[in-house]
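This briefing sets out selected features of one protein model for use at the bench. Please keep the sequence and the structure in view while reading.

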Amino acid sequence: MSVDTATVAKIASLARIKLGEGEAAAMVPELNGILAWVDQLGEVDVTGVEPMTAVIPNTLRLRDDVIDADPLTGGGIRDKVLANAPAAEHGFFGVPKVIE
């Protein structure tokens, strides 16, 4: 794939980047070099290599999901939480309508 000045101008327009004629002409060899490098990466034999999301294996440390584990932040205190609400409706916080 080859990039010309018209393609650079179109990409700059889509990205909302203002490029002068000289700047667009200077970008042509740079973008062609990048695309050549990407094509070169496609030549690498990667058979047997599994895709990875990180260089080292990561596992998340998860806690048990226990309901009412903490009496201060656990469930079952909806009435206490809504006691200071300016507008409580049907057990939820009432908020003003923002979309007509």
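Helices and strands are taken as DSSP runs, of at least four residues for a helix (H or I) and at least two for a strand (E), and they are numbered from the N terminus. On that basis His90 is placed in the loop between β1 (88–89) and β2 (92–93). The model is predicted, and the points below concern its helices, one surface patch and two loop residues.

**Helix α2**
- Helix α2 covers residues 21–41, a run of 21 residues.
- From its first C-alpha to its last, α2 reaches 31 Å, which is close to the 30 Å expected at 1.5 Å a residue.
- At Val28 the helix α2 bends by about 25°, and the proline Pro29 follows within four residues.

**Val8 in helix α1**
- Val8 belongs to helix α1, which spans residues 5–14.
- Val8 counts as buried because its relative accessibility is 3%, and buried means under 20%.
- Leaving aside residues up to four places away in sequence, Val8 touches Val3, Leu19, Ala24, Met27, Val28 and Leu31.
- One of these contacts, Val28, is also the residue at which α2 bends.
- Between Val8 and Lys97 there are 45 Å in space, C-alpha to C-alpha, and the two are 89 residues apart in sequence.

**Nonpolar surface patch**
- Ile34, Trp37, Val38, Leu41, Val44, Val46 and Val49 make a nonpolar surface patch of about 680 Å².
- Val49, one of the patch residues, lies in the loop between α2 and α3 (78–82).
- With a relative accessible area of 57%, Val49 is exposed, since exposed means over 50%.

**Loop residues with positive phi**
- Most residues other than glycine have a negative phi.
- Arg16, in the loop between α1 and α2, has a positive phi near 60°.
- Arg16 is exposed, at 72% relative accessibility.
- His90 also has a positive phi, near 55°, and is not a glycine.
- The relative accessible area of His90 is 78%, so His90 is exposed.

Notes
Residues are numbered from 1 along each chain as its sequence is written. This is a predicted model: local features need pLDDT of at least 70, side-chain atom pairs count only at pLDDT 80 or more; totals for chains, interfaces and linings use all residues. Side-chain values use heavy atoms; hydrogens and water are left out. The expected span of a helix is 1.5 Å times one less than its number of residues. The bend at a residue is the angle between axes fitted to the seven residues ending there and the seven starting there. Patches are made of residues with over 30% relative accessible area and no salt bridge: like charges are joined within 9 Å, nonpolar side chains (Val, Leu, Ile, Met, Phe, Trp, Tyr) within 5 Å. Accessible areas come from the Shrake-Rupley method with a 1.4 Å probe; for residues, only the protein chains shown count as cover. A salt bridge is a side-chain nitrogen of Lys or Arg within 4 Å of a carboxyl oxygen of Asp or Glu. Buried means under 20% relative accessible area, exposed over 50%, partly exposed in between (1.4 Å probe, protein chains only). Contact means heavy atoms within 4.5 Å.
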